[in-house]
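Take a moment to look over the chain as a whole before turning to its parts. The paragraphs below are meant to be read with the structure in view.

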Amino acid sequence: MSEKEEKQGPLTELDLYLKTGSHIGTRFKTGDMRRYIFKQRKDGLRVLDVNTIDKRIKIAAKFLSRFEPAGIIAVSRKTYGQQAATQFAAAIGAKAITSRFVPGTFTNPVAKKFIEPTVLIITDPESDGQAIIESVKLRIPVIALCSTNNYLANIDLVIPINNKGRKSIALAYFLIAREIMKEKGLIKSDAEFSKTAEDFEYKLKEGSEEREEGDEERSTERRPRKMGEEERFTERRPRGMKRFTRGKGKQDRKPKGKRTVRKDRQRRY
């Protein structure tokens, strides 16, 4: 990092990363993400370093500013990341792909929603795996928000951050969009950026309660799965259905009638 960047200081107050839960990981960790883990809490959750998060967001924004906005694609299948990706694309003039990623979007020119990207930013390598697969075929760089349970295969630039909380995802996309605008000279200061971090945040539906810090991570937490690894399918019996046994039950046996013996086969004494 240059002296100029060191004098600039962090992109925002470091306490804001803590308030949004950006530093909270999961109970699982992969070998790829081990270098970014700061410590482990008593409840088993891994904790990320807020200074590293801030530095990585700076690097990502500076890297993306070198590309034309029309070629930047933000992908998020996660519900909490869809609003952030949409607002990010609208702020810098990029494109966003939310919900399900249709195979062939990048590689099939005949597809209805065919797009030719030059760089990709994704919310979660696990849920956005299809976009990564197609970006590898096109040999385009991939930037990813990664938590402690993610694998980093085919990821060119990692932003170690909580990618399961709606506030942390919103803050990451907000800061990246603002810094891109500053790098391109479209705004001169943070105050000139018209959007706020709340604009990037997923709005909870009426009647739904706000989850406590860390609950969002625990609810979606599971064993880390490598990209392309198939889910194991376990067939479950419908409720009330008995387990299959080889022998027939009493209710399945045919009632025994009077046995009849042919005359030619009757025993003679």
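What follows begins with the sheet, moves to the helices packed on it, and ends with some single residues.

The model shown here is a predicted one, and every value given below should be read with that in mind. A good place to start is an open sheet of five strands, whose order is β4-β3-β5-β6-β7 and whose pairing is parallel. At its edges stand β4, covering residues 95-98, and β7, covering residues 157-160, each of which pairs on one side only. If direction is ignored, neighbouring strands of this sheet are turned by 20° against each other on average.

Within this sheet, strand β3, made of residues 72-76, deserves a careful look. On one side it pairs with β4 in the parallel sense over four bridges, and β3 also pairs with β5, again in the parallel sense and over four bridges. Single residues let the reader trace these pairings: A74 stands opposite A96 in β4, while V75 stands opposite I97 in β4 and also opposite I122 in β5. How many of the residues of β3 are buried? Five of its five residues are, and both faces of the strand are covered, with I72, A74 and S76 buried on one side and I73 and V75 buried on the other.

Helices pack on this sheet, and two of them can be described by the strands they touch. Helix α3, residues 50-64, packs on the sheet with contacts to β3, to β5 (119-122), to β6 (142-146) and to β7, and the direction of α3 makes about 145° with that of β7. Helix α4 also packs on the sheet, where it touches β3, β4 and β5, and its direction makes about 165° with that of β3. Because angles over 145 degrees count as roughly antiparallel, α4, at about 165° to β3, can be called roughly antiparallel to that strand.

Helix α4 spans residues 79-92, and the buried residues in this helix are Y80, G81, A84, A85, Q87, F88, A89, A91 and I92. An α-helix has 3.6 residues a turn, so residues three or four places apart point the same way. Just after the end of α4, G93 takes a positive phi of about 85°.

Besides touching the sheet, α4 packs against helix α6, with an angle of about 10° between the two and their axes 9 Å apart. The two helices are therefore roughly parallel to each other, since angles under 35 degrees count as such. From α4 the contact is made by Y80, G81, A84, A85, F88, A91 and I92, and from α6 by R166, I169, A170, Y173, I176, A177, I180 and M181. What kinds of residue make up this contact of α4 with α6? They divide into 13 nonpolar, one polar and one charged.

One residue of α4, Q87, has contacts of another kind to show. Q87 counts as buried because its relative accessible area is 18%, and buried means under 20%. The side chain of Q87 makes a polar contact with the side chain of K195, at 2.9 Å. Leaving aside neighbours within four places in sequence, Q87 is in contact with K195, D199 and F200.

Helix α6, residues 166-183, holds S168, which is buried with a relative accessible area of 0%. A polar atom of the S168 side chain lies 3.0 Å from the backbone oxygen of G165. When residues up to four places away in sequence are not counted, S168 touches T20, G21, S22, I161 and N162.

Two loop residues complete the walk. S99 sits in the loop between β4 and β5, and its phi is near 60°, a positive value in a residue other than glycine. N154 is found in the loop between β6 and β7, and this residue too has a positive phi, of about 65°, although it is not a glycine. Are these residues buried, partly exposed or exposed? At 39% relative accessibility S99 counts as partly exposed, and N154, with a relative accessible area of 39%, is partly exposed as well, because that term covers values between 20% and 50%.

How values were computed
Residues are numbered from 1 along each chain as its sequence is written. This is a predicted model: local features need pLDDT of at least 70, side-chain atom pairs count only at pLDDT 80 or more; totals for chains, interfaces and linings use all residues. Side-chain values use heavy atoms; hydrogens and water are left out. Buried means under 20% relative accessible area, exposed over 50%, partly exposed in between (1.4 Å probe, protein chains only). A polar contact is a pair of N or O atoms within 3.5 Å; within protein, one must be able to donate a hydrogen and the other to accept it, and residues adjacent in sequence count only if both atoms are side-chain atoms. Contact means heavy atoms within 4.5 Å. Axes are lines fitted to C-alpha atoms, for helices over the stretch in contact, and angles run from 0 to 180 degrees between N-to-C directions. Angles under 35 degrees count as roughly parallel, over 145 as roughly antiparallel, 65 to 115 as roughly perpendicular and the rest as oblique. Ala, Val, Leu, Ile, Met, Phe, Trp, Tyr, Cys and Pro count as nonpolar, Asp, Glu, Lys and Arg as charged, and the others, Gly among them, as polar. Two strands pair if DSSP finds at least two bridges between them.
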